[in-house]
Structures are given as C-alpha cells and as structure tokens.
Amino acid sequence: MKYITILGSTGSIGTQTLDVVRSNKDIKVVALGAGSNIKLLEQQIREFKPEVVSVWDEEKAKQLKENIQDLDTKVVSGMEGLIEISTIETVEIVVTAIVGMIGIRPTISAILAGKHIALANKETLVTAGHIIMPLAKEKNVKILPVDSEHSAIFQCLNGENEKEIDKILLTASGGPFRNFTREQMKHVQVEHALKHPNWSMGRKITIDSSTMINKGLEVMEAKWLFDVDFDNIEVVVQPQSVIHSMVQFVDGGIMAQLGTPDMRLPIQYALYYPERRYLGGDRIDFASLGQLTFEKPNMENFRGLQLAYEAGRKGGNAPTIFNAANEKAVELFLDRKIAYLEIPEMIEECMKQLQFRNNPSVEEILTTEQETYEFIKERWQ
Ligand code: NDP
Ligand code: MG
C-alpha cells in the first residue's frame, strides 16, 4: 500500500491524481488539501475517505465540517492545515498540485518530515529551488517530477549518469499563438488564451503556456531538478506535443520520451517510480501521425521566455520577482484589466525596479513576493 497526501486535490492535476488512485487499488489517500472548492472536496472525501482534509479558507472549512458531520474526516485550515497534512506520519508521498508560491512552506515541511515529493507545483522550485534541492538531498527524499517535460527527462535519465548530460532539450507546443505576428498578439483576448491546442490544464498554467512563460518556468525547474546550466537547456518547439522532452548526452546520443498528451502518465510514474504500471488511454499511431515538426522559439514575440532565462541566470530572488510579477499579471489579464502583451512588460519592469537579494531565505522569498505585488499595485492598479 502507498500512503499519499494530495495538496490541491480539486485542481486539474489533483483530480487526475485521483483518477490514477481510482485505477490502482494499492494507493490510500490519507489527506487532501484544497483552496475553496468544498463542493468537489466533499465528493472526494465521500469517495476516498481521507483521515484529514485541509481547506485554505477558514469559513469554507467551517461549512465543510458541518456538511460532513456524518463522517470521521477531520477538517483543518490555513497554512497550519496545509503543513499538518503534509507531515502526517503514515504518509510516504506528498503530491504538490497546488498552484503558486503558497506551495513553498508545505513542501519544505514535507521534506523535513522525510516525505517524497511528487512535484507539480513548479513555482516552488522556481523560487526556492536553492533551498529545496539541497534539503531533499540531506533528508534523502526524492523529488519526483510530475510536470510532463521533467517527467520525460527523468524517464530518459533512467539508468544514465547525470554527469554525461550534454544538453536538455525541453520541448514546447508553442501554444495557440505560435504563428501570430506581434500585431495579432496585441489583440489577444482571455478566451483565446484559455484555449490550449493540445493540453487541458488549470487557468493560470494555460495562460502561461500561451505566453511561453510556462516554458520559462520549466527551464528554471529543469535547472534545479537536473543540475544543468542554463546554457545547456534549449527550448525546442514541437507543435504536436508528442515528444515530451529529450536529453542529449556527451556522445551525441539523444533519448526522447514520447506519448499522447495525458498527465496521468507522469503522475502515475512519479507515484510508482521506478515501476511502470498499465495505464489505459490512446496510444500513438505513428502512421496516422505522419510527421513531427520542430521550430526555434520566437524570443521576440514570447519575450517572457527570454526574461525567464535572464531571471534564472541572475539567480537570487530574480526568479521570485519574475514569478510573482507573472502571477499578478496573469490575474489582471484574466480579470480583463490589462492587455495580453502587458504581461511580459510588467515582469520586465518589476525585474528592473525591485531590489535584488542573493541567496534568499524563505522569508526573503515571501517578502519579495509581497514587494512585487505592492509595486504592481502602486504602478498599475
Ligand atoms: P488548478 O488551478 O487546476 O488547481 C489548483 C489547485 O490548488 C486547486 O485544487 C486549488 O483549490 C488549490 N489551491 C489554490 N490555492 C490554494 C490555497 N491557498 N490553499 C490550498 N489549496 C489551494 O491548477 P493545476 O492543477 O493546473 O496546476 C497545479 C500546479 O501544477 C501548478 O503549479 C502548475 O504549474 C502545475 N502543473 C500543472 C499541469 C497541468 O497539466 N495542469 C502540468 C504541469 C504542471 P480550489 O480549486 O479548491 O480553490
Ligand atoms: Mg509542462
């Protein structure tokens, strides 16, 4: 039996993780964590019977407690609640499927408690990778990537020596605006940006995919997961999303992982690593696929990707400024308060204006996040 906690169980990755649990009879969900969707959380509680659930919003937590009076499940809330469910003694793996930097503290607490991390929450690694990776090593805890690209790289590295990596080839679909001119990009509306050509995901990451800022975050995520320099991480546009990423080794050999776009595979791989289990669903039919195509990313139209490389190379709290500015900008874009191309503009301005800190502590990362939000509020809201 595998005992797991899922942070963000009501989201896109969270619900797909529960699909994986449903089709395997040897995983026990000990705890679930959500933000505010207590309706879906209640259904999940009734189906999976966790011991504890955490709801961020205190009022909602109270309401849920009333709604499940007939059950034994304990309800906790806030950051304390998230940390409680990340550190339960019987739990082996914590799936971090929460969105945003809110995931940092529970992830660190889980590592300190010796839990393996199935990591989807990329913002945590982007902003606090310099704290999380050494800590995981010290505690002998595995960071198992759930993000499809990183899972692909992780699979390609199975049985290989990380020292023999020459280059990581991180693939990107290019999103819905891959062939847009700059003029067309100026007029992108929320509805267009929320339609991803190949993947179905949460709202924030769908916007990030359309700006290629998601790829930028993934470049930083790859740096921490696989200990490679930014010069050795290359983004390759592969519009069919069939190759999920590749690794080039020092002898010129390249390993790639392919599959249909289905997040259940990387989720299941992380939960059972190094074992592979049967997973239903479509298989690639190469003859009907016909061809795979490749392109260079357009760094001018997708300025956010360029800025991500800059933030990553600069290090310190620069990735936090990049990430926090993007989180806020995406929120404002989704609320129709700013135009599409203002997303990278806001990030660039924040990166120029905000105070740089080297080797930031968790507190300094969270302070940087607040400073970025305040700067945006003063300047644009
Ligand atoms: P969703 O927006 O679909 O889900 C986010 C989840 O986080 C929800 O369960 C939400 O709860 C929960 N949540 C939000 N705020 C809080 C909070 N303060 N406390 C507790 N829970 C909270 O996001 P995704 O599933 O798409 O993405 C999750 C993470 O995985 C992101 O970091 C994303 O970048 C990454 N990822 C996602 C992929 C995908 O295919 N979707 C692929 C690779 C990575 P509620 O809804 O109840 O408010
Ligand atoms: Mg990805």
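How far is an oxygen atom of ligand 1 from a polar backbone atom of Gly8? Let's work that out along with a few other things, bearing in mind that this is a predicted model.

**Exercise 1. Map the surroundings of ligand 1, starting with the Gly8 contact.**

Step 1. Start with the backbone. The distance from a polar backbone atom of Gly8 to an oxygen atom of ligand 1 is 3.2 Å. For Gly11, a backbone N or O atom lies 2.9 Å from an oxygen atom of the ligand. Ser36 also has a polar backbone atom in play, 3.0 Å from an oxygen atom of ligand 1.

Step 2. Now ask how well covered the ligand is. On its own, ligand 1 exposes 900 Å², and the protein buries 86% of that.

Step 3. Look for the elements behind the shell. Helices α1 (12-23) and α6 (122-138) are the elements that give two or more residues to it.

Step 4. Zoom in on the neighbours. There are 25 residues around ligand 1, and Thr10, Ser12, Ile13, Asn37 and Glu123 come nearest.

**Exercise 2. Place Thr17 and decide whether Thr17 is buried or exposed.**

Step 1. Find the element: Thr17 is in helix α1.

Step 2. Check the accessibility. Thr17 has a relative accessible area of 0%, so Thr17 is buried.

Step 3. Look for a partner. A polar side-chain atom of Thr17 lies 2.7 Å from the backbone oxygen of Ile13, and Ile13 is one of the residues that come nearest to ligand 1.

**Exercise 3. Work out which residues coordinate the magnesium ion (ligand 2).**

Step 1. List the donors: Asp147 (OD), Glu149 (OE) and Glu218 (OE) coordinate the ion, at 2.1 Å.

Step 2. Read off the spacing. In sequence, the donor residues run D-x1-E-x68-E.

Step 3. Put two of them on the fold. Asp147 is in the loop between β7 (143-145) and α7, while Glu218 is in helix α11 (residues 213-226), so to speak a link between distant parts of the chain, 71 residues apart.

Step 4. Check for burial. Asp147 has 8% relative accessibility, so Asp147 counts as buried. Glu218 is buried as well, with a relative accessible area of 1%.

**Exercise 4. Classify the aromatic pair of Phe154 and Tyr273.**

Step 1. Get the overall count: the whole structure holds seven aromatic pairs.

Step 2. Take the geometry of this one. The ring centres of Phe154 and Tyr273 are 4.8 Å apart and the planes are at 45 degrees, so the pair is tilted.

Step 3. Locate the partners. Phe154 is in helix α7 (residues 148-156), and Tyr273 is in the loop between α12 (264-272) and α13 (286-289); the pair links distant parts of the chain, 119 residues apart.

Step 4. Compare accessibility with the 20% cut-off for buried. Phe154 counts as buried at 17%, whereas Tyr273 counts as partly exposed at 26%.

**Exercise 5. Do the same for Phe177 and Phe180, then look for charges over rings.**

Step 1. Phe177 and Phe180 make a tilted pair, 4.9 Å centre to centre with 50 degrees between the planes.

Step 2. Phe177 counts as buried at 2% relative accessibility, but Phe180 is partly exposed at 27%.

Step 3. Widen the view: Phe177, Phe180, Phe333 and Tyr340 form one aromatic cluster.

Step 4. Finish with the arginines. Arg277 has its charged end over the ring of Tyr272, 4.0 Å from the centre. Arg379 lies over the face of Trp380, 5.8 Å from the ring centre.

Methods:
Residues are numbered from 1 along each chain as its sequence is written. Chains are lettered from A and ligands numbered from 1 in the order in which they are written. This is a predicted model: local features need pLDDT of at least 70, side-chain atom pairs count only at pLDDT 80 or more; totals for chains, interfaces and linings use all residues. Side-chain values use heavy atoms; hydrogens and water are left out. Rings of Phe, Tyr and Trp (its six-membered ring) pair if their centres lie within 6.5 Å; planes under 30 degrees apart count as stacked, over 60 as edge-to-face and the rest as tilted. Helices (H or I, at least four residues) and strands (E, at least two) are DSSP runs, numbered from the N terminus. Buried means under 20% relative accessible area, exposed over 50%, partly exposed in between (1.4 Å probe, protein chains only). A charge sits over a ring if NZ of Lys or CZ of Arg is within 6 Å of the ring centre and within 35 degrees of the ring normal. Donors are N, O and S atoms within 2.8 Å of the metal (3.2 Å for Na, K and Ca); water is not among the atoms, so sites may look incomplete. A residue is near a molecule or strand if one of its heavy atoms lies within 4 Å of it. A polar contact is a pair of N or O atoms within 3.5 Å; within protein, one must be able to donate a hydrogen and the other to accept it, and residues adjacent in sequence count only if both atoms are side-chain atoms. Accessible areas come from the Shrake-Rupley method with a 1.4 Å probe; for residues, only the protein chains shown count as cover.
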